[in-house]
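Let's walk through this structure together, starting from one residue and working outwards. Have the sequence and the model side by side as you read.

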Amino acid sequence: MASIKPLGQRVLVKRIEADAISAGGIVLPDTAKEKPQEAEVLSLGTGGKDEDGKTIEFTVKVGDKVLISKYGGTEVKIDGQEVLIINESDILGIVG
C-alpha cells in the first residue's frame, strides 16, 4: 500500500467491514449495507498546537480499533483499497 501521511490533527483509518448476513440469517447485498462505523487506525497526522503553543497529543494510536462518525472524513482509494482521512474529533471512541 502506498504511504499517506495525514497532516495536522487528522487520522488515516480503514473501515472494518460488517457482516454480510443479518441477525436473522438474511444475506445483505452491498446496496443494503450501511457504511461501517468501526475502523482501524493506520496512521496519525503531524499533530497540532494549541493557542499557547503546546503540542496537542493524539488520543488514539496506530492499530487502535475505533468508532467513527458515519459521514465524516474524506474517502481515498489507495492501491485499490478504500481508506478514510478523518479529523481526530470525528473519532467517537476506542473499541475494546
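Is S43 buried or exposed? S43 is buried, as its relative accessible area is 14%; buried stands for under 20% relative accessible area, exposed for over 50%, and partly exposed for what lies in between, with a 1.4 Å probe and protein chains only. You will find S43 in strand β2. Helices (H or I, at least four residues) and strands (E, at least two) are DSSP runs here, numbered from the N terminus. Setting aside neighbours within four places in sequence, S43 has contacts with I4, K5, P6, V11, L12 and V62, where contact means heavy atoms within 4.5 Å.

Before going further, a word on what you are looking at. This is a predicted model, in which local features need pLDDT of at least 70 and side-chain atom pairs count only at pLDDT 80 or more, while totals for chains, interfaces and linings use all residues. Residues are numbered from 1 along each chain as its sequence is written, and side-chain values use heavy atoms, with hydrogens and water left out.

Now step back to the whole chain. The protein chain has 0 helices and 8 strands, and reading along the sequence gives the pattern β-β-β-β-β-β-β-β. Of its 96 residues, 27% are buried. Among contacts with a separation of 6 or more, 66% are between residues 24 or more positions apart. The exposed surface of the protein chain comes to about 6,400 Å², with carbon and sulfur atoms supplying 52% of it; accessible areas follow the Shrake-Rupley method with a 1.4 Å probe, and for residues only the protein chains shown count as cover.

How are the strands arranged? Look for an open sheet of 6 strands in the order β6-β7-β1-β2-β5-β8, paired antiparallel. Two strands pair if DSSP finds at least two bridges between them. At the edges are β6 (74-78) and β8 (91-94), each pairing on one side only. From one strand to the next, the twist averages 45°, taken between lines fitted to C-alpha atoms (for helices over the stretch in contact), with angles from 0 to 180 degrees between N-to-C directions.

Some of these pairings can be followed residue by residue. The antiparallel strands β1 and β7 are joined by 4 bridges, and V11 stands opposite I86 in β7. Between β2 and β5, also running antiparallel, there are 3 bridges. On the other side, β5 pairs with β8 in the antiparallel sense over 3 bridges, and L67 has G93 in β8 as its bridge partner.

Strand β5 deserves a closer look. In a regular strand the side chains alternate between the two faces of the sheet. In β5, V66 and I68 form the covered face, whereas K65 and L67 form the uncovered one.

V66 and I68 also lead you to the largest nonpolar core, whose 12 residues are V11, V13, A39, V41, L44, F58, V60, V66, I68, L84, I86 and I91. Such a core is a set of buried Ala, Val, Leu, Ile, Met, Phe, Trp, Tyr and Cys residues joined through side-chain atoms within 4.5 Å. Two or more residues each come from β1 (10-15), β2 (38-44), β5 (65-68) and β7 (81-87), and the largest share, 3 residues, is from β2. One core member, L44, touches K5, P6, R10, V11, F58, V60, K61 and V62, apart from neighbours within four places in sequence.

K5 sits in the segment before β1 and is exposed, with a relative accessible area of 52%. Beyond residues up to four places away in sequence, K5 touches S43, L44, G45 and T46.

Finally, turn to the charged side chains. Side chains of opposite charge can pair when their charged atoms come close. The structure holds 2 salt bridges, each a side-chain nitrogen of Lys or Arg within 4 Å of a carboxyl oxygen of Asp or Glu. One joins E40 to K65, with the closest N and O atoms 3.7 Å apart; E40 is in strand β2 and K65 in strand β5, 25 residues apart. K65 is also the bridge partner of E40 in β5. E40 counts as partly exposed because its relative accessibility is 29%, and K65 is partly exposed at 32%. The other salt bridge joins D64 and K61 at 3.2 Å, N to O. Here D64 counts as buried at 11% relative accessibility, whereas K61 is exposed at 54%.
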